[in-house]
Amino acid sequence: MYTRQKVRRRKSPKGVWIKKAGRKRRKGWEAVAGAAALLAMVTGIYAFMEIVAQASPENPVIEAAAQAQKETEERENTQKEPISKPKQSPKESRSVAPLVVVDAGHGGLDVGCMEMEVAEKDINLQIAQRVKRRLEDAGFQVLMVREDDEYLAKEERVQMANHYEADAYVSIHQNTYEGSDKSVGGIETWYDGTDTGRDSERLARLVHQETIKSTGATERELWDIADFCVTGKTRMPACLIETGFLSNPQERGLLASPEYQEKIAEGIAEGIHLFFQPKAMYLTFDDGPSERCTDMILDVLKANDVKATFFLVGEYVEKYPEVAKRIAREGHTIGVHCYRHDYGELYESTESYLADFQKAYDVILETTGVKARLFRFPGGSVNAYNEEVCSDIVHEMTKKGFIYFDWNASLDDVAKDYEPEQLITNARKTTLDRKKVVMLAHDRVLNTALCLEELLRQFPEYRMKPLNEHIKPVQFNLPEEKQK
């Protein structure tokens with residue numbers, strides 16, 4: 001449980017916004033009426049609100065006492081071993097492997113939360129030690145903020161991480177619920193959403209996502225309003241994870257068990273590993289350019305510094321040439337889809353396909369200046385319209401030096417009029433945790449454009465890349481290959 005003072009807005013277990021006490025109360029019926037009116041205006045429903053403290057405010061008395069004890073011990077024992085730090089200099093360390101700071105929250109007199117003689121500071125350290133072992137086994141360098149039951153001020157923790165120019169900072173804590181419902185449980189993770197330059201959101205999402213996956217715990221909020229010292233004053237990507245509720249008897253028993261601690265450590269370590277060594281996703285958009293949606297998609301990609309691949313339709317390039325030029329100008333890969341998206345005419349014969357392709361290729365070259373070498377079959381390389389000719393087409397196109405790409409995941413955005421949220425669900429379900437994903441989408445679908453920003457956030461374990469001629473293509477099995 002990380003102590004905090006400034007954060008006031010929290011969610012109750014049922015998702016109702018609450019506020020911690022901190023301002024003077026209004027007196028009399030005016031306060032009651034005003035509060036009721038505000039509640040009705042904002043939510044439109046009647047709800048009971050419970051003032052709870054899932055994490056107690058920072059306690060300067062405890063911190064001062066812990067600091068005083070530490071200073072006394074240091075005066076009495078001048079030979080005391082310092083907290084372990086990397087022997088190499090920051091620059092030498094960085095040349096070897098990423099340096100990750102693992103912060104076991106609290107320590108010494110600063111116990112954190114305590115339930116039935118189970119102290120947060122002890123659970124934090126036990127999990128942190130397991131994370132350290134896993135990270136070191138994976139080739140990372142690890143700087144433990146504390147190796148034993150020792151108090152270290154949060155400012156010192158930050159100073160240590162910044163001094164050694166660490167590449168990531170993860171603080172481990174436990175939670176508590178001070179209301180009457182002791183069944184409240186689950187994992188929540190915090191990061192500073194006001195600082196977009198450190199990529200803390202991606203680190204937090206990965207640590208949160210992978211720990212939920214490894215433990216099967218209830219998924220609580222991913223908070224972007226952390227104003228903690230360790231998340232706000234560190235110079236590297238940083239997050240704070242609260243891995244469970246000690247106030248929940250069942251969860252407390254799990255958190256104290258070595259087996260469950262190992263599951264937590266597995267998730268945290270895997271999240272960190274994916275942060276530094278992400279998998280590859282190739283976003284591809286078919287059937288464009290369009291009058292409206294392609295520009296919307298390009299705006300999102302540009303804002304997130306992501307490059308994608310667009311398989312263009314020749315007649316739409318002629319209709320919206322400025323959009324096609326923008327795709328090329330902004331550094332995205334351009335491939336050929338077809339000239340006219342008419343399955344009957346396109347796949348009537350090998351010759352009809354080649355003629356349509358050449359027309360599309362010429363239009364794209366003339367409009368954008370791009371000599372496209374990649375292409376995608378409308379409907380995929382094997383579909384109900386081209387089974388008789390697909391192998392011959394592939395043979396002829398390969399002779400000409402062109403490379404075709406199918407896909408192994410999809411938003412399924414043209415099969416049905418799905419809402420944006422469902423498109424993201426479709427994408428998530430079809431990736432199947434592959435290391436290499438070619439994602440199919442269409443830039444003529446409005447809901448695809450509307451969901452793209454959130455889609456990019458929902459795949460923190462992947463680095464988004466454009467396709468090129470040197471990538472081994474994802475391709476469906478041709479009919480004769482199925483018979484072998």
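Aromatic pairs are the theme of this tour: a search of the whole structure, which is a predicted model, finds 19 of them.

Start by selecting Phe-275 and Phe-276. Their ring centres are 5.1 Å apart and their planes stand at 90 degrees, so this pair is edge-to-face; planes over 60 degrees apart earn that name. Now turn on the surface. Phe-275 is buried, with a relative accessible area of 9%, while Phe-276 counts as partly exposed at 22%.

Next, select Tyr-343 and Tyr-385. Here the centres lie 4.8 Å apart and the planes meet at 25 degrees, so the pair is stacked; the cut-off for that is under 30 degrees. Colour the chain by secondary structure and you can see that this pair links distant parts of it. Tyr-343 belongs to helix α13 (residues 343-346), and Tyr-385 sits in the loop between β14 (374-375) and α15 (390-399), 42 residues apart. How exposed is Tyr-385? Its relative accessibility is 52%, so Tyr-385 counts as exposed, whereas Tyr-343 is partly exposed at 25%.

Keep those two tyrosines selected and add Tyr-347, Tyr-353, Phe-357, Tyr-361, Phe-375, Phe-377, Phe-402 and Tyr-404: together with Tyr-343 and Tyr-385 they form one aromatic cluster.

Stay with Phe-402 from that cluster and bring up Arg-373. Which part of the Phe-402 ring does Arg-373 lie over? Arg-373 is over the face, at 4.2 Å from the ring centre.

For a last stop, show Lys-359 with Tyr-339. Lys-359 lies over the face of the Tyr-339 ring, 4.2 Å from its centre.

Key. Residues are numbered from 1 along each chain as its sequence is written. This is a predicted model: local features need pLDDT of at least 70, side-chain atom pairs count only at pLDDT 80 or more; totals for chains, interfaces and linings use all residues. Side-chain values use heavy atoms; hydrogens and water are left out. Rings of Phe, Tyr and Trp (its six-membered ring) pair if their centres lie within 6.5 Å; planes under 30 degrees apart count as stacked, over 60 as edge-to-face and the rest as tilted. Buried means under 20% relative accessible area, exposed over 50%, partly exposed in between (1.4 Å probe, protein chains only). Helices (H or I, at least four residues) and strands (E, at least two) are DSSP runs, numbered from the N terminus. A charge sits over a ring if NZ of Lys or CZ of Arg is within 6 Å of the ring centre and within 35 degrees of the ring normal.
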